[in-house]
Amino acid sequence: MNSQPAAESAAPVTDAVRWTQIVVGIVCMVAAANIQYAWTLFVPEIQATHGWTRASIQTAFTIFVVVQTWLTPIEGYFIDKYGPRVIVAAGGFFTGLSWIIDSYAGSLSMLYVGSAIGGIGVGCVYATCVNNALKWFPEKRGLAVGLTAGGYGAGSALTILPISAMIHSSGYQAAFFWFGLVQGAIIICAALFLRMPQKEQVKASTKVAQTRRDYTLGEAVRTPVFWVMWAMFIGTVTGGLMAVAQLGVIAHDLGVKEAPVSVFGLTMAALPFALMLDRVMNGISRPLFGFISDHIGREATMFVAFTLEGLGIIMLSKFGHDPMMFLILSGMVFLAWGEVYSLFSATSADTFGTKHAGKIYGVLYCAKGVAALLVPLGNLLMEATGTWATVLYVTATMDLTAAACALLVLKPMLARHHARNEELARRAEQGDTTRAVPVGAAAGTANG
């Protein structure tokens, strides 16, 4: 059930063919994005209709992220085995089904079931499209993954207003049903055009260190560098994920939700304006920082982006009561947050190879699931302290710590990791049988 016959896969490909794969992946990501990024629009309507508590409704968001994240290693196994076409098509079916179930949900348990199914669907789409981009463009890995992930980050920008309009005109149930149906159909149709490359069809980067060896999942998780990246992933993704889920709530509590903001003659309430801008900034950040990382290195780019996010969160807590500052600073936070999904996936492939990239990045991506578990704690911390400032300071500290780790911990570990692999590869090529036999084990347990 491979995606292509071997002869077709081995045929020479042009850059146009390669970029077509990226474009198709972006289409799939755009269609899957609303389940996460438009969720905040539905929360107050669900609460007003059913009277459920805000925390219980937000649990559905947590379930979605946890399922999307923690099933990624399993999805990665099927991606590596069967290719992208079947997995993305299945993801499109579940993505559409999720919102259709939500449209009929008359109980919290049914809402939670819909969220879990959505997690499966979006996980299949997201993991597969990112994995495919990693394999097609090793020499521009940051940019390719950034563009693909950017489709997910910015995908809801064009639909925020239509969804909001349908919610107010026809009810949130109709918005769930029709947008779920259309989005699922788009993903299934686009999936038919996806396929994987063979190694001889692509070339490695000359600017970023990349391993010549394909690690297995077991070998990758036995390296300290894997767990350093995992911890950094948690530290950086928590703040942005909390903003995605709670931005409407934060805007309400800061008193700026309905405040009008005018930019270049366009006047809108602060929250929907911020949601549109944030989606755009989130989408721009992924290819932007990915492109930068292809030229100056992943670790230096991480330091810049994570520092920017941390400072943006701190300033949001101080100046977010002003509608214009709320708009600007929330955009700054999303600009600096979105890149985590391009930088960590690219770094993972650089470090461990692409043959088992689906499984390896799937486990690394589970860090997002850990971060999702921290999102409800933000509500509890806010209620305990009476202010969002405490929550924002905690997440900013996590960002700034990860920024420091990028240069002081990750960079030297990766240097040792690649040097170790190069030495083992050189000895193997020279026929040094005393070292060639244990290459797999030695590289799998190298310090870093």
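1. In this predicted model, the second largest cavity holds about 60 Å³ of space, and it belongs to a set of four cavities of 30 Å³ or more. Its lining is made up of Ile-35, Trp-39, Phe-61, Phe-64, Ser-98, Trp-99, Asp-102 and Ser-115. Sorted by class, that lining has five nonpolar residues, two polar residues and one charged residue.

2. As for the elements behind this lining, helix H5, which covers residues 54-70, and helix H7, which covers residues 84-104, each supply at least two of the residues around the second largest cavity. Of the contributors to this lining, H7 gives the most, with three residues.

3. Trp-99, one of the residues that line the second largest cavity, is also touched by Phe-42, whose other contacts beyond four places in sequence are Ile-163, Ile-167, Tyr-172, Ala-175 and Phe-176. A reader who wishes to follow the packing from the cavity into the core may therefore find Phe-42 a useful residue to look at, since a contact here stands for heavy atoms within 4.5 Å.

4. The largest nonpolar core has 112 residues, and those with the most contacts inside it are Phe-42, Phe-233, Tyr-341 and Phe-344. Helix H13 provides the largest share of this core, namely 16 residues.

5. Gly-240 lies in helix H13, which runs over residues 224-254. Is Gly-240 buried or exposed? With a relative accessible area of 1%, Gly-240 is buried, because that value falls under the 20% cut-off for burial. When neighbours within four places in sequence are left aside, Gly-240 is in contact with Glu-309 and Trp-337. The pair Gly-240 and Glu-309 shows how the fold brings separate parts of the chain together, as these residues are 69 positions apart in sequence while their C-alpha atoms are 8.5 Å apart in space.

6. On the cysteines, the count of disulfides in the model comes to zero. Why is there no bond between Cys-129 and Cys-28? The closest cysteine sulfur to that of Cys-129 is in Cys-28, and because the two sulfurs are 4.5 Å apart, they are too far from each other for a bond, given that a disulfide calls for sulfur atoms within 2.5 Å.

7. The surroundings of two cysteines may be set side by side. Cys-129 counts as buried, at 4% relative accessibility, whereas Cys-405 is partly exposed, with a relative accessible area of 24%. The value for Cys-405 is not under 20% and not over 50%, so this residue falls in the class between buried and exposed.

Methods: Residues are numbered from 1 along each chain as its sequence is written. This is a predicted model: local features need pLDDT of at least 70, side-chain atom pairs count only at pLDDT 80 or more; totals for chains, interfaces and linings use all residues. Side-chain values use heavy atoms; hydrogens and water are left out. Helices (H or I, at least four residues) and strands (E, at least two) are DSSP runs, numbered from the N terminus. Buried means under 20% relative accessible area, exposed over 50%, partly exposed in between (1.4 Å probe, protein chains only). On a 1 Å grid over the protein atoms alone, a cavity is a set of points where a 1.4 Å probe fits but cannot get out, and a pocket is an open set with protein on both sides within 12 Å along at least five of seven lines; lining residues have an atom within 4 Å of a point. Grid points are joined across faces, edges and corners, and a volume is the space filled by probe spheres set on the points. Ala, Val, Leu, Ile, Met, Phe, Trp, Tyr, Cys and Pro count as nonpolar, Asp, Glu, Lys and Arg as charged, and the others, Gly among them, as polar. A nonpolar core is a set of buried Ala, Val, Leu, Ile, Met, Phe, Trp, Tyr and Cys residues joined through side-chain atoms within 4.5 Å.
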